[in-house]
Amino acid sequence: MTDPVSVLHSTFGFPAFRGVQESVVSRVLAGERTLAVMPTGAGKSLCYQLPAVMLEGTCVVVSPLIALMHDQLRAAEAVGIRAATLTSVDENRAETRGRFLDGELDLLYVAPERASGSDFRDLLERGKLSLFAIDEAHCVSEWGHDFRPDYRLLRPLLDRFPDVPRLALTATADTHTRADILDQLGIPKDGLIVAGFDRPNIRYAISAKDNTTRQIADLIAEQPGPGIVYAQTRAATEKLAEALAKTGRPTRAYHAGLEPPIRAKNQADFVASEDMVIVATVAFGMGIDKPDVRFVAHAGLPKSIEAYYQETGRAGRDGDPAVAHLFWGAEDFAKARQRMNEVETARQPGERARLSALGALVETAGCRRKLLLAHFGDDAPDNCGNCDNCLNPPAATDATTVAQKFLSAVFRTGQSFGVGYIESILTGQSSERSLMNGHEALSVFGIVDGAEEAALIKPVARALLLKDALRANDFGGLEFGPAAKALLKGEAELSLIVPPKRERRRRGSAGG
Ligand code: ADP
Ligand code: ZN
């Protein structure tokens, strides 16, 4: 057959390869095993579709979601590729098997549970294969954020056809997960190809929650274009959408619990709009092609840095300036730690690493971009000039004394009261409750003096929760975590990052 570039022109209608596509395609055409890590939108599908068109035989594509498979099938057929899906909802399965055996398919999409079955293996043995493409390959790793046991069963199938090249693809894998994917799928270390992850036009900013609705309303007032706000629950998306509608911007909610026609309409309205704000759960955004999203806000901690990178990556695909602003609270970390205890033991180290990476990201006084890129194994300069910390370097304050006072107060009051109560004890505010509890007689009552120290109490509480020096029980009562002792004994210090004061914009703000 002809060369890849002419197929790129004739079949796909693209003038040139993008980024690492060319190196991935040439490895595949040379029959080598490859793992391609490419951010969303970088053009992963082409990396197997083009070889599938050029090589003799069928490329088997393993993909985890039936809906996604059907989208890809339509896209492939639209450019004239001979493709089919083999899933439980396809009624033409017998016909598809026939087309495969007759050598009439370039692409055959299957789910991992079907691919690993013996029926499927028998079918493949009777036809001709050109390539195995394993999409969303991070699902094979317990280190990944989306482990699917079915992916583990693929290896025997792949090994049954040792001469058929394999191409694993993912958008979201940190360095640890990548090594695991290589190992699990039998791909050599030098088969790893990673696309540049930097999105220089996105300005990253991260703030502690104060009044999230007001903070996001301020952001909206500064950002005229379309924006996505991620909230953590269905109820939260609706509540926040209602509050943000008061900014005067058209606002919609989006979550899986909406009636399908309403959901589809909200999505279509957003895609068509030039100024709409959509408040959504993380389900929103997969497969949506809207290049002019000007901001992505997170009203709460994302699941992982990978998830954060993928979600913020939906901003500024057109290359124009865009903003990604994350608002986090200490309770986000406390909840995540609680959830961690509920997952299987084997997966806990991965979950713990994910949470501490997020902790490092929100806490750093250094460049956010550098930290993000380092997470994906990319080098970056120390100062990107386009994140909150690089634009307005924060000051670090030693808050060890306030932290010790806070921990003592928690201890003296019996490790069962919340942040607000502890604050009132430390600042010596007399109340019926503190009188009744006899807490006004404690040495810690009123031990914090001066407005400067008092202003540190809440940020200190947040930092202590984040560092697992404190844990909150189901009722918000604080108790000691494993990191408390070292601080109390003076063996550890607590340094707080104090964001530079900035003027609050009040234009068109909602609530306050
Ligand atoms: P990913 O799966 O990596 O998120 P896709 O494979 O869906 O990305 O591709 C993203 C978009 O980029 C698609 O619209 C695709 O048609 C387009 N695309 C892919 N490769 C090229 C290329 N070489 N030149 C121009 N557009 C491309
Ligand atoms: Zn920076």
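A residue counts as near a molecule when its C-beta atom, placed from the backbone, lies within 6 Å of that molecule. Keep this in mind for the first exercise, and remember throughout that the model is predicted.

**Exercise 1. The surroundings of ligand 1**

Task: Find which residues surround ligand 1, then sort the shell into nonpolar, polar and charged residues.

Solution:
- Step 1. Start with the part of the shell formed by Phe14, Phe17, Arg18, Gln21 and Met38.
- Step 2. Add the run Thr40, Gly41, Ala42, Gly43, Lys44, Ser45 and Leu46, which also surrounds ligand 1.
- Step 3. Look at where these residues sit: helix 3 (residues 44-54) supplies three of them, the largest share of the shell.
- Step 4. Sort by character, with Gly counted as polar. The shell then holds five nonpolar, five polar and two charged residues.

**Exercise 2. Strand 4 and its partners**

Task: Work out which strands pair with strand 4 (residues 107-110) and whether its two faces are covered or open.

Solution:
- Step 1. Take strand 2 (residues 58-62): it pairs with strand 4 in the parallel sense over four bridges. Within this pairing, Val62 has Val110 as its bridge partner.
- Step 2. Now turn to strand 3 (residues 83-86), which runs parallel to strand 4 and is joined to it by four bridges. Here Ala84 is matched with Leu108.
- Step 3. Follow the chain from strand 3 through helix 5 (residues 93-101) to strand 4, and you trace a right-handed β-α-β unit.
- Step 4. Check the faces. Leu107 and Tyr109 are buried on one side, Leu108 and Val110 on the other, so both faces are covered, taking buried to mean 20 or more other C-beta atoms within 10 Å.

**Exercise 3. Trp328 and its strand**

Task: Locate Trp328, explain why it is classed as buried, and describe how its strand pairs with strand 8.

Solution:
- Step 1. Trp328 belongs to strand 13, which covers residues 322-328.
- Step 2. Count the surroundings: Trp328 is buried because 24 other C-beta atoms lie within 10 Å.
- Step 3. List its contacts beyond four places in sequence: Ile206, Ala208, Lys209, Gly300, Leu301 and Val362. One of these, Leu301, is 27 residues away along the chain, yet the two C-alpha atoms are 5.4 Å apart.
- Step 4. Strand 13 pairs with strand 8 in the parallel sense over seven bridges, and one of the matched pairs is Ile202 with Ala322. Strand 8 (residues 202-208) is itself mostly covered, with five of its seven residues buried.

**Exercise 4. A covered helix**

Task: Identify the buried residues of helix 20 (residues 419-426) and some of the elements that cover them.

Solution:
- Step 1. Six of the eight residues in helix 20 are buried: Val419, Tyr421, Ile422, Ser424, Ile425 and Leu426.
- Step 2. Their cover includes helix 19 (400-412), helix 21 (432-436), helix 22 (451-466) and strand 16 (478-480).
- Step 3. Look just past the helix: Gly428 follows, with a positive phi near 70°.

**Exercise 5. The whole chain**

Task: Compare the chain's radius of gyration with that of a compact globule.

Solution:
- Step 1. For 512 residues, a compact globule would have a radius near 24 Å; the chain has 26 Å, which agrees.
- Step 2. Set beside this the span of the C-alpha trace along its principal axes, about 85 × 45 × 45 Å.
- Step 3. Complete the picture with 23 helices and 17 strands, and with 41% of the residues counted as buried.

Definitions and conventions. Residues are numbered from 1 along each chain as its sequence is written. Chains are lettered from A and ligands numbered from 1 in the order in which they are written. This is a predicted model: local features need pLDDT of at least 70, side-chain atom pairs count only at pLDDT 80 or more; totals for chains, interfaces and linings use all residues. A residue is buried if 20 or more other C-beta atoms lie within 10 Å of its own, exposed if 12 or fewer, and partly exposed in between; C-beta atoms are placed from the backbone. Two strands pair if DSSP finds at least two bridges between them. A crossover is right-handed if, with the strands pointing away from the viewer, the path from the first strand over the helix to the second runs clockwise. The radius of gyration is taken over C-alpha atoms; the globule rule is 2.2 Å times the number of residues to the power 0.38. Two residues are in contact if their C-beta atoms, placed from the backbone, lie within 7 Å.
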